[in-house]
Structures are given as structure tokens and as C-alpha cells.
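Take a look at the model below. We will walk through it one site at a time.

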Amino acid sequence: MIRIAAVGDVHLDEDVVGRFRPALEELPEHADALLLAGDLTRHGTENEARCVAEEFGGLGIPVITVLGNHDHQCDQVPQVVKVLEDAGITVLEGDGVVLDCGGRRLGVAGVKGFGGGFAGRCASDFGEPEMKAFVRTTTDSADRLGAALRGLDCDVLVALTHYAPVPDTLAGEPLEIYPFLGSYQLGQAIDSAPTALALHGHAHAGSERGTTPGGVRVRNVAHPVIKQAYSIFHLGNHTD
Ligand SMILES: [Fe+2]
Ligand SMILES: [Fe+2]
């Protein structure tokens with residue numbers, strides 16, 4: 001089995017550094033890789049990214065992340081990405097990576113994603129240019145996630161997003177904000193490939209478990225939801 005640790009929405013700043021590290025130090029005994037589901041920082045500053053690098057760097061296992069909306073807040077995404085990558089953390093945005101986990105290949109495709117809502121209650125590509133731009137941002141993100149998932153040659157395939165691909169894992173959030181928490185288009189992208197597991201964050205008041213229309217297991221790993229440093233998932237082959 002491939003063992004994956006995951007957490008999202010750690011929202012690090014200087015006052016949070018050290019909170020996760022004791023549990024992370026033990027991680028190589030429990031997991032082959034750590035996946036971070038975005039919102040690593042509070043406001044996306046370069047200094048906060050250094051806190052993330054200090055907390056999640058040098059763990060002895062691969063660390064793969066997507067960014068979240070908070071990581072975009074201060075318009076310092078290139079600086080944030082550079083600090084993370086200098087610490088050995090792989091940042092995915094519409095692309096993927098394949099890791100060798102004891103001779104078995106773990107493929108992870110990631111994208112931040114965006115909102116738009118879910119079937120029957122979603123924004124549509126119609127009307128004002130602002131509305132079309134909003135929906136096309138989601139469509140483009142989902143398209144890139146789907147292409148990345150389908151392009152990976154691996155034994156076990158995982159999708160990593162910040163925004164939610166299904167409404168199941170939003171249960172507990174106000175219905176009125178569902179369109180800002182995720183999009184069914186991300187779920188369609190996940191279902192377009194033999195995905196074994198889809199991980200996301202963003203919905204702090206949501207719930208842990210869900211399933212795409214195609215039957216892929218979805219887990220909201222936002223820290224306020226899982227209430228621990230990380231959750232561990234055990235995954236077999238496509239054919240298991
Ligand atoms: Fe968050
Ligand atoms: Fe978020």
C-alpha cells in the first residue's frame with residue numbers, strides 16, 4: 001500500500017510555527033508523502049511562506065502542495081512559490097508529479113481550483129463579461145486538472161485541490177456560500193481519470209467525507225475539519 005499524509009488550511013504565520021512540527025517529525029514512519037491542500041499562509045506573504053518552509057521543509061519524505069486563495073491575497077505568488085520550492089516543496093498548479101514509493105508509482109495532479117457551485121445551483125458562462133470570466137476561470141482550472149490527471153503514468157492516482165470538487169464535504173458550511181467553496185467541474189475532471197482519491201481543503205466548517213458522481217473518494221483535509229496535524233490514507237493499485 002502507498003501511504004499518504006494530508007492536511008490543508010494550516011494558515012501559517014510566525015505565531016503558528018512549531019505547532020505541527022512534532023507530529024511531522026514522525027511522519028516518515030507513517031507516510032510515503034505529504035500532500036498539502038492549500039491555504040498554507042494567512043495572507044500569502046513571502047515571510048509567511050518562510051514559516052511554511054520552516055514547518056514543512058526537510059521532513060525526509062516528498063511534500064507536494066497546491067496554493068489556496070489565502071496564498072494569493074498579497075499578490076506575492078511567485079515569491080511564495082520560490083520560497084516553498086527552495087525548501088524542497090513541490091508546488092502544483094495544473095500539472096502533476098510521479099513519485100516512486102517503494103517501487104510503486106504515486107501520481108499526484110494538482111490545481112488550486114475555483115468556485116462556481118454545484119449541479120443545478122451553479123454559475124453559468126452567460127451574461128456580463130465579469131460573470132463569464134468567473135466561470136471560465138473555473139473551467140480552465142478544471143480542464144488543466146483533468147489533463148494533468150489523465151497525463152500521469154502511475155499505479156495510484158491522487159487529485160489535490162484547494163477548492164472542493166463535490167458538495168458532500170461542504171456539509172456544515174452555509175448553503176449560501178457553496179458557490180464560493182468549489183465547483184462540480186473539478187469533480188468532472190477527477191472523474192475523467194482513474195483517480196483513487198481526491199483531497200481538498202478551503203471549507204473550514206465543512207465535513208470530511210464525500211464521493212464524486214463517478215465514485216471517487218473525496219476527503220476534506222482542512223485542518224479545522226480533521227483537527228489533527230494530518231490524516232493518513234492507504235491506497236492500493238488501480239487494479240486492487
Ligand atoms: Fe483556509
Ligand atoms: Fe481557502
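What range of angles do the 4 donor atoms of the iron ion (ligand 1) make, and is the site regular or irregular? The angles run from 87 to 169 degrees, and the site is irregular. Keep in mind that this is a predicted model.

Start with the donors themselves. The iron ion (ligand 1) is held by Asp9 (OD), His11 (NE2), Asp39 (OD) and His204 (NE2). These donors sit at 2.0 to 2.3 Å. Along the chain they follow the spacing D-x1-H-x27-D-x164-H. Aspartate 9 lies in the loop between strand E1 (2–7) and helix H1 (21–25). Aspartate 39 lies in the loop between strand E2 (33–36) and helix H3 (46–56). The pair is 30 residues apart in sequence, so it ties together separate parts of the chain.

How exposed are these two aspartates? Aspartate 9 has a relative accessible area of 3%, so it is buried. Aspartate 39 is buried too, with a relative accessible area of 1%. The cut-off for buried is under 20%.

Aspartate 39 also leads to the other metal. It bridges the iron ion (ligand 1) and the iron ion (ligand 2). The two ions lie 3.5 Å apart.

Which residues serve as protein donors of the iron ion (ligand 2)? They are Asp39 (OD), Asn69 (OD1), His162 (NE2) and His202 (ND1). Their distances from the ion are 2.1 to 2.2 Å. The spacing here reads D-x29-N-x92-H-x39-H. Why is the arrangement around the iron ion (ligand 2) irregular? The 4 donor atoms subtend angles of 90 to 158 degrees. Four donors count as tetrahedral only if all angles lie between 85 and 135 degrees, so an angle of 158 degrees rules that out.

Two histidines at this site come from distant parts of the chain. Histidine 162 is in the loop between strand E9 (156–161) and helix H6 (184–191). Histidine 202 is in the loop between strand E10 (197–200) and strand E11 (209–211). They are 40 residues apart. Both histidine 162 and histidine 202 are buried.

Now leave the metals and turn to the cysteines. How many disulfides does the structure hold? The count is 0. Cysteine 51 and cysteine 74 show why. The sulfur of cysteine 51 has its closest cysteine sulfur in cysteine 74, 13 Å away, which is too far for a bond. A disulfide needs sulfur atoms within 2.5 Å. The surroundings of the two residues can be set side by side. Cysteine 51 is buried, with a relative accessible area of 5%, whereas cysteine 74 is partly exposed at 32%.

Next comes the largest pocket. It offers about 150 Å³ of space. Its lining consists of Gly117, Phe118, Ala119, Arg121, Pro167, Leu175, Tyr178 and Pro179. By class, that lining has 6 nonpolar, 1 polar and 1 charged residues.

Finish at valine 108. Is valine 108 buried or exposed? Its relative accessibility is 0%, so valine 108 counts as buried. Valine 108 belongs to strand E6 (residues 104–111). From there, look across to methionine 131. The two residues are 23 residues apart along the chain, and their C-alpha atoms are separated by 31 Å.

How values were computed: Residues are numbered from 1 along each chain as its sequence is written. Chains are lettered from A and ligands numbered from 1 in the order in which they are written. This is a predicted model: local features need pLDDT of at least 70, side-chain atom pairs count only at pLDDT 80 or more; totals for chains, interfaces and linings use all residues. Side-chain values use heavy atoms; hydrogens and water are left out. On a 1 Å grid over the protein atoms alone, a cavity is a set of points where a 1.4 Å probe fits but cannot get out, and a pocket is an open set with protein on both sides within 12 Å along at least five of seven lines; lining residues have an atom within 4 Å of a point. Grid points are joined across faces, edges and corners, and a volume is the space filled by probe spheres set on the points. Ala, Val, Leu, Ile, Met, Phe, Trp, Tyr, Cys and Pro count as nonpolar, Asp, Glu, Lys and Arg as charged, and the others, Gly among them, as polar. Donors are N, O and S atoms within 2.8 Å of the metal (3.2 Å for Na, K and Ca); water is not among the atoms, so sites may look incomplete. Four donors count as tetrahedral if all angles lie between 85 and 135 degrees; four count as square planar and six as octahedral if opposite donors are over 155 degrees apart and all others between 65 and 115; anything else is irregular. Helices (H or I, at least four residues) and strands (E, at least two) are DSSP runs, numbered from the N terminus. Buried means under 20% relative accessible area, exposed over 50%, partly exposed in between (1.4 Å probe, protein chains only).
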